[in-house]
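Biologist: Before we discuss this model, I should like each label to be justified by its value and its criterion. Shall we proceed on that basis?

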Amino acid sequence: MYGLYSALIQAERIRVRGQVQGVGFRPTVWRLARGCHLCGDVRNDAQGVLIHVWGAANAIEAFVHRLRNEAPPLARIDEIERSYITLNPAPADFSISESVAGPVQTGVVPDAATCPECLGEIMDPGDRRFRYAFTNCTHCGPRLSIIKAIPYDRSNTSMASFTQCPACQAEYDDPSDRRFHAQPNACPECGPRVWLENAHHEMVEVPGARDAIDAARVLIEQGNIVAVKGIGGVHLACDAGNSRVVARLRARKRRYCKAFALMARDVNMVRRHAAVSTEEQTLLESRAAPIVILNAIPDTLAEQLAPGQNTLGFMLPYTPLHHLLMQNIARPIVLTSGNLSDEPQCIDNLDATDRLQQLADYWLLNNREIVNRLDDSVARVIEGKPQVFRRARGYAPASIPLPPGFEPGPAVLAMGAELKNSFCLLDDGKAVLSQHIGDLEDASTLSDYRHHLELYRNLFDFSPRCIAVDMHPDYLSTQTGQRMAADCGLDVIEVQHHHAHIAACMAEHGLPRDTSPVLGVALDGLGFGQDGTLWGGEFLLADYTGFQRLACFSPVPMPGGSRAMREPWRNTYAQLSTFIGWQTVRREFAALDIIRFLETRSLKTLDTMMKKGINSPSSSSCGRLFDAVAAAIGIRRETVTHEGQAAMELESLATPVFESEATHSYTYDTVVDGDRRWLSWSSLWRDLLADLKRGEQPALMAARFHHGLIRAITEVVIDLGQLNNVKNVALSGGVFQNRLILEGVCAGCRENGLSVIYPECVSLNDGGIALGQAVVAAARQQQW
């Protein structure tokens, strides 16, 4: 249409929505407009960026084309709207205008890793920002971590107390400079500073070190633990090649088994300790700079970095401070959250010196306030594509465009799950998923959750029409949502846990609101079911508004309730009693180590509990099956220290021999009861016990279990797909973090003509539940 007027002079209003504020978008518009010989202006407002242009029609067309293709690195254009207007009188040039206030409809940009230009400056002895730890520009640096309110102006950030010097102000005011309106802009003359102190709050200098950051590096190499205040929180750092200091850190932090995150200077350093593919290198070096799960090279670093696992989580420096810290270091460092295990990460100086008094030897601190806590994101590459496990720094709170049919729609606040919590704001065709909050069972994490709920509502000027919660009545997120709804007079919409898993996957992949049902497979530890029992091995025929439970794992008691989640042997006993019968097991397999172990426990008490339903809830959990099998073959039999530990170690044990055992798999049984199928593990347990009796290697049994489970899931999916004439399959839930299970089920389904999707940008564990809750609630509201 516009080409018809290529010879004419005309004026247009161009509305750009998306991630377009705080990313250098206006100066890019200014540069492109001037390059296309256009006049007019550009400004930020509550909806994004508003552009008025005046000039030749073909020049405007070229400008819009270049805008789409030459947007700044951190920008994301979701929508461009164009309309003809009259500019009278015609403007004389192109200018950048002041921001306009209004109802907030634009986004807050995630924090971004240091860009090459800023990195070059801090490494250049001739630059005025040489070795300056807070160097940034519109292409990188802090965003969510420092913001207090919208609009994203310096006065609304923790940089408000730092007045720019004349040189920084000149950069800030120059549209041709990449620091034009870079709100955290600073230099050594006017910005935040770094210092190193000891446990007595005394400033520390190290002979031969050029500054505080270099002194911290020397202390780390000498075997000390240094608390390092970064962009989203305080970390604890130590030499990853020093077994003694790693053991000391574990003891002090009370994190006895969970893997530590590592930081390396560059990809070449990572490659000395882990295999890195091209796709994994791209992810490591991305603007988000997450921790990336990589296959480890054995015996190159300290023991106990990731007990029982064959992977390591590496990240690269993502702030100038980290680049300077790692510049001359000989080996990777541990960089783990500054807290006792399961507590929220410290973010301010006083809290860090107080709470970490018994954990750290020295503190590398600064005087830039961290407003919003941000954990490091965690991701991996699967089937050649990134997959996020923990969505936090670098990803949140970037909005997620919703599929067709969700705009316009009701504003929904979704409260998320109990573990790995995040929450979600849904409105105007997009969803804003918060950063990873954590496990709400911890009182300080729950307080942090409430703080961020209020912050996000203010940042996005968000007033929900309804609140979506999990069906579990004891979830603190559910109770918080119910209280909030009662206080505000809002409707509460309960969303079943596994339905939310599948709905989140559907929304991420753009399935329209009126899409035909998919066959959803949700496998996890547990979620509250519609029948009042605990679910966790579910096959659902689901759309956004509802679902039908077509099949599930056969329910098994969890003797001791939550204790069964911490003591895997309880699940082994419950599984054997349910599927074979304990007396039969004793008679046929009495000599096995696992049977002798179980005989030392109070089995009569457990029998009474299970028979009478005393603190022994029935559960179809896939996670508990993993725990039971792991304990049977000798992995974490007595206790686990964190969720999924036994399952992860079982996967690691199976991985080296998985391919060679492809023709060997444990078997399963299917019981049909009316319209529902139940997967029974009687045959699986007999196969496993027989292998134990023959003295098979634990790795072989772990691999055969994985193959058997993959076969069971795949065959049930294929059968249900044929019976229900469904070709689209959605996989979700924490069990699918297991690479063997996810890749195996995907391959089996695709070989049989099924289309498979699984979460990639949104966590497939409970961190993604809130998105599913939000879209289900919105769809139901629209349906009503």
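**Labels and their grounds**

Modeller: In this predicted model, a salt bridge joins the side chains of Glu-567 and Arg-570, with N and O 2.6 Å apart.

Biologist: What makes the contact of Glu-567 and Arg-570 a salt bridge?

Modeller: The criterion is a Lys or Arg side-chain nitrogen within 4 Å of a carboxyl oxygen of Asp or Glu. The N to O distance for Glu-567 and Arg-570 is 2.6 Å, so the pair qualifies.

Biologist: How do you know whether Glu-567 and Arg-570 are buried or exposed?

Modeller: Buried means under 20% relative accessible area. Glu-567 has 13% and is therefore buried; Arg-570 has 6% and is therefore buried as well.

Biologist: Which parts does the salt bridge of Asp-593 and Arg-637 tie together?

Modeller: The closest N and O atoms of Asp-593 and Arg-637 are 2.5 Å apart. Asp-593 belongs to helix α17 (residues 593-599), whereas Arg-637 is in the loop between α19 (622-632) and α20 (645-654), so the pair ties together parts that are 44 residues apart in sequence.

Biologist: Why is Asp-593 called partly exposed, and what is the label for Arg-637?

Modeller: The partly exposed class lies between the limits of 20% and 50%. Asp-593, at 44%, therefore falls within it. Arg-637 has a relative accessible area of 14%, so it counts as buried.

Biologist: Where do Arg-217 and Asp-214 lie?

Modeller: Both are in helix α5 (residues 212-221), three residues apart, about one turn of the helix. Their salt bridge has its closest N and O atoms 2.7 Å apart, and both residues are buried. The structure holds 47 salt bridges; Glu-121, Arg-128, Arg-129, Glu-171, Arg-178 and Arg-179 are linked in a network of them.

Biologist: Why is Glu-280 said to have no salt bridge?

Modeller: The nearest side chain of opposite charge, Arg-739, is 5.0 Å away. A salt bridge requires a separation within 4 Å, so the pair does not qualify. Glu-280 is nevertheless buried. Its place is in helix α8, and, beyond residues up to four places away in sequence, Glu-280 touches Ala-275, Ile-293, Leu-294 and Val-381.

Biologist: What makes the backbone at Gln-304 and Glu-383 noteworthy?

Modeller: Most residues other than glycine have a negative phi. Gln-304, however, has a positive phi of about 70°, and phi of Glu-383 is near 55°. Gln-304 is in the loop between β10 (291-295) and β11 (311-315), while Glu-383 is in the loop between β14 (378-382) and β15. With relative accessible areas of 44% for Gln-304 and 34% for Glu-383, each is partly exposed.

Biologist: Which peptide bonds are cis?

Modeller: Most peptide bonds are trans. Among the cis bonds are the one from Ala-396 to Pro-397, with omega near 5°, and the one from Glu-407 to Pro-408, with omega near -10°. Pro-397 is in the loop between β15 and β16, and Pro-408 in the loop between β16 and β17 (412-414).

Biologist: How do you know that Gly-561 is buried?

Modeller: Its relative accessibility is 6%, and the limit is under 20%, so Gly-561 counts as buried. Gly-561 is in the loop between β25 (556-557) and α14 (563-566). Gly-561 and Ser-616 are 55 residues apart in sequence, yet 5.3 Å apart in space, C-alpha to C-alpha.

Terms used
Residues numbered from 1 in each chain as written. Predicted model: local features only at pLDDT ≥ 70, side-chain atom pairs only at ≥ 80, totals over all residues. Heavy atoms only, no water. Helix = DSSP H or I, 4+ residues; strand = E, 2+ residues; numbered from the N terminus. Buried < 20%, exposed > 50% of the residue type's maximum accessible area, 1.4 Å probe, protein only. Lys, Arg positive; Asp, Glu negative; His and termini not counted. Contact = heavy atoms within 4.5 Å.
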